[in-house]
Number of protein chains: 2
Amino acid sequence: MLTNETKDRLLQQYPMLRELPGADQAELLATASVMHLPAGTVVFDENQPCQGFPLLLSGNIRVVKAAPNGRELQLYRVIPGESCILTSSCLLGHTRYHARGIAEQALEIVLLPAAAFHTLLGKQEAFRSYVFHLFSDRLTDLMQLVSAVAFQKLDQRLAALLISKSSPIHITHQALADELGSAREIVSRLLKGFAEQGWVKMGREQIDISDAAALKIFADL
Amino acid sequence: MLTNETKDRLLQQYPMLRELPGADQAELLATASVMHLPAGTVVFDENQPCQGFPLLLSGNIRVVKAAPNGRELQLYRVIPGESCILTSSCLLGHTRYHARGIAEQALEIVLLPAAAFHTLLGKQEAFRSYVFHLFSDRLTDLMQLVSAVAFQKLDQRLAALLISKSSPIHITHQALADELGSAREIVSRLLKGFAEQGWVKMGREQIDISDAAALKIFADL
DNA sequence: TTGCCTGTGTGATTATTGTCACAGACAAAC
DNA sequence: GTTTGTCTGTGACAATAATCACACAGGCAA
């Protein structure tokens with residue numbers, strides 16, 4: 001059961017919920033529950049069954065694949081207004097998770113039970129359309145990612161990653177390596193190269209982009 | 001408009017269509033059209049808009065990402081009974097294709113117009129469920145692929161690819177390289193290694209697996 | 001201040017993959 | 001037969017990335 005305050009924020013983050021008829025909205029809000037998770041929590045992991053459909057109010061989730069040797073690669077990030085499509089996939093395919101989800105910041109999640117999810121999907125065009133779009137976008141992202149991992153060099157991918165963030169970037173080299181699926185040393189070396197080109201300035205846990213245009217050109221060949 | 005013979009084959013390949021009410025079935029069959037495409041046809045390509053929802057009667061489609069330098073990597077393969085989820089994604093997200101589809105053999109396709117696709121999706125639980133499952137499966141495949149490309153060595157991926165096919169395998173080294181997103185020479189060299197281990201026997205456009213168990217062990221570390 | 005812990009820089013070395021440049025082998029076409 | 005084109009083998013080399021093994025710097029806490 002949600003408070004009115006939570007409900008308002010939910011409708012603000014998820015405008016498509018406003019299109020649901022009043023009764024459905026009420027039912028949804030009655031069956032949903034709110035969860036708070038601290039940063040760093042493993043929200044879900046490979047081979048776990050799936051609880052329900054999460055709607056993110058605040059914080060975001062890194063969805064990653066972990067390699068046996070400890071390396072990891074970020075598949076995508078879930079931000080408020082989106083939902084973890086991987087979860088939808090589990091719910092719809094009745095399978096288990098195939099990746100790990102990690103809370104990047106503290107999370108505030110509204111969890112929609114599986115039953116309510118299926119009901120909405122059957123009855124509500126707006127909801128269905130929303131879920132389909134999520135799937136569609138993720139599919140596109142993943143295909144783009146496969147392509148990048150298979151065909152692009154790490155320096156290009158790093159450049160692209162940097163310009164996708166807003167300067168100044170507060171992040172460790174290790175975290176960048178984890179997004180790229182590479183090792184910390186490599187990232188450090190490549191960053192040094194960028195700095196020598198005058199494209200970035202570096203500090204402890206901080207990177208300032210000095211020449212975004214040059215980075216961009218470099219990133220897409 | 002479909003002939004009765006085509007209709008029967010369609011219902012056989014796509015059992016979920018049988019669950020549609022008679023009227024919907026009739027409408028679907030009335031608006032759909034059949035296409036025949038020779039092997040090697042580029043069925044769709046990046047940045048093309050999308051025509052309709054394809055149902056495969058025979059033949060299959062390789063969905064690939066092409067690199068600027070001519071290399072290519074297979075994302076997945078569409079076989080009869082499935083549909084190209086990428087197309088669904090385009091239809092639903094109203095975006096363009098993000099990959100290329102190539103007819104591996106001659107194709108016989110029933111093309112469902114976009115409008116009919118949307119209608120069915122709204123009205124028919126069976127159809128909707130089918131499409132969701134397609135999405136779900138592809139998502140899983142792609143995540144698996146990303147993981148393999150990022151973390152596995154080529155020899156392991158090649159071994160896995162070989163055991164996924166039925167021996168004797170009729171294929172060129174170049175075609176294997178294209179599935180893996182690598183170069184022909186590398187595949188040739190790795191195969192030579194496998195042959196020296198006694199895991200495979202090689203001939204022109206043919207590979208016989210002699211020790212599937214060893215290959216399998218090698219493939220998953 | 002003195003440690004400690006985390007984050008970063010760096011060299012040396014290796015492994016893996018890609019690239020180039022051919023040569024030979026085989027099959028189908030002429 | 002000869003020719004032609006595709007498929008395969010191979011050596012040499014370059015490029016990229018991974019791994020290992022440290023040194024050092026800065027901030028925080030005892």
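Two residues count as in contact here if their C-beta atoms, placed from the backbone, lie within 7 Å. Keep that cut-off in mind for the protein–protein side of this predicted model: the contact takes 31 residues from chain A and 31 residues from chain B.

**Where the chains meet**

On the side of chain B that touches chain A, strand 5 (72–78), helix 3 (85–93) and helix 5 (125–151) each put in at least two residues. Helix 5 of chain B gives the most, with 18 residues. Sort the residues on that side of chain B by class and you get 16 nonpolar, ten polar and five charged.

So what does helix 5 of chain B pack against? One partner is helix 5 of chain A (residues 125–151), and the two axes come within 10 Å and cross at roughly 20°. An angle under 35 degrees counts as roughly parallel, so helix 5 of chain A and helix 5 of chain B are roughly parallel to each other. Their crossing is left-handed. From helix 5 of chain A, the contact includes Phe135(A), Arg138(A), Leu139(A), Leu142(A) and Met143(A). Helix 5 of chain B brings, among others, Phe135(B), Arg138(B), Leu139(B), Leu142(B) and Met143(B). Further along, Leu145(A), Val146(A), Val149(A) and Ala150(A) take part, as do Leu145(B), Val146(B), Val149(B) and Ala150(B). By class, this helix–helix contact splits into 16 nonpolar, no polar and two charged residues.

**Inside chain A**

Chain A has nine helices and nine strands. Its C-alpha trace spans about 60 × 35 × 30 Å along the principal axes. Of its 221 residues, 36% count as buried. If you take contacts in chain A between residues at least 6 apart in sequence, 69% of them join residues at least 24 apart.

There's a helix pair to look at within this chain, too. Helix 2 (residues 22–31) and helix 4 (residues 114–123) of chain A have axes that come within 11 Å and cross at roughly 165°. Angles over 145 degrees count as roughly antiparallel, so that is how helix 2 and helix 4 of chain A run relative to each other. This crossing is left-handed. Asp24(A), Leu28(A) and Thr31(A) of helix 2 meet Ala116(A), Leu120(A) and Lys123(A) of helix 4. That contact has three nonpolar, one polar and two charged residues.

**Around the DNA**

Which residues come nearest to each strand? For DNA strand C, with 20 residues around it, they are Thr172(A), His173(A), Lys153(B), Leu154(B) and Ser182(B). Two or more residues of that surface come from each of helix 7 (173–180) and helix 8 of chain A, and helix 6 (154–163) and helix 8 of chain B.

DNA strand D has 21 residues around it, and Lys153(A), Leu154(A), Ser182(A), Thr172(B) and His173(B) come nearest. Here the elements giving two or more residues are helix 6 (154–163) and helix 8 (184–197) of chain A, along with helix 7 (173–180) and helix 8 (184–196) of chain B.

Here are the largest shares and the class make-up for the two surfaces:

| Surface | Largest share | Residue classes |
|---|---|---|
| Near DNA strand C | Helix 8 of chain A, five residues | five nonpolar, six polar, nine charged residues |
| Near DNA strand D | Helix 8 of chain B, six residues | five nonpolar, six polar, ten charged residues |

Terms used
Residues are numbered from 1 along each chain as its sequence is written. Chains are lettered from A and ligands numbered from 1 in the order in which they are written. This is a predicted model: local features need pLDDT of at least 70, side-chain atom pairs count only at pLDDT 80 or more; totals for chains, interfaces and linings use all residues. Axes are lines fitted to C-alpha atoms, for helices over the stretch in contact, and angles run from 0 to 180 degrees between N-to-C directions. Helices (H or I, at least four residues) and strands (E, at least two) are DSSP runs, numbered from the N terminus. Angles under 35 degrees count as roughly parallel, over 145 as roughly antiparallel, 65 to 115 as roughly perpendicular and the rest as oblique. A crossing is left-handed if the near helix is turned anticlockwise from the far one by less than a right angle, and right-handed if clockwise. Ala, Val, Leu, Ile, Met, Phe, Trp, Tyr, Cys and Pro count as nonpolar, Asp, Glu, Lys and Arg as charged, and the others, Gly among them, as polar. A residue is near a molecule or strand if its C-beta atom, placed from the backbone, lies within 6 Å of it. A residue is buried if 20 or more other C-beta atoms lie within 10 Å of its own, exposed if 12 or fewer, and partly exposed in between; C-beta atoms are placed from the backbone.
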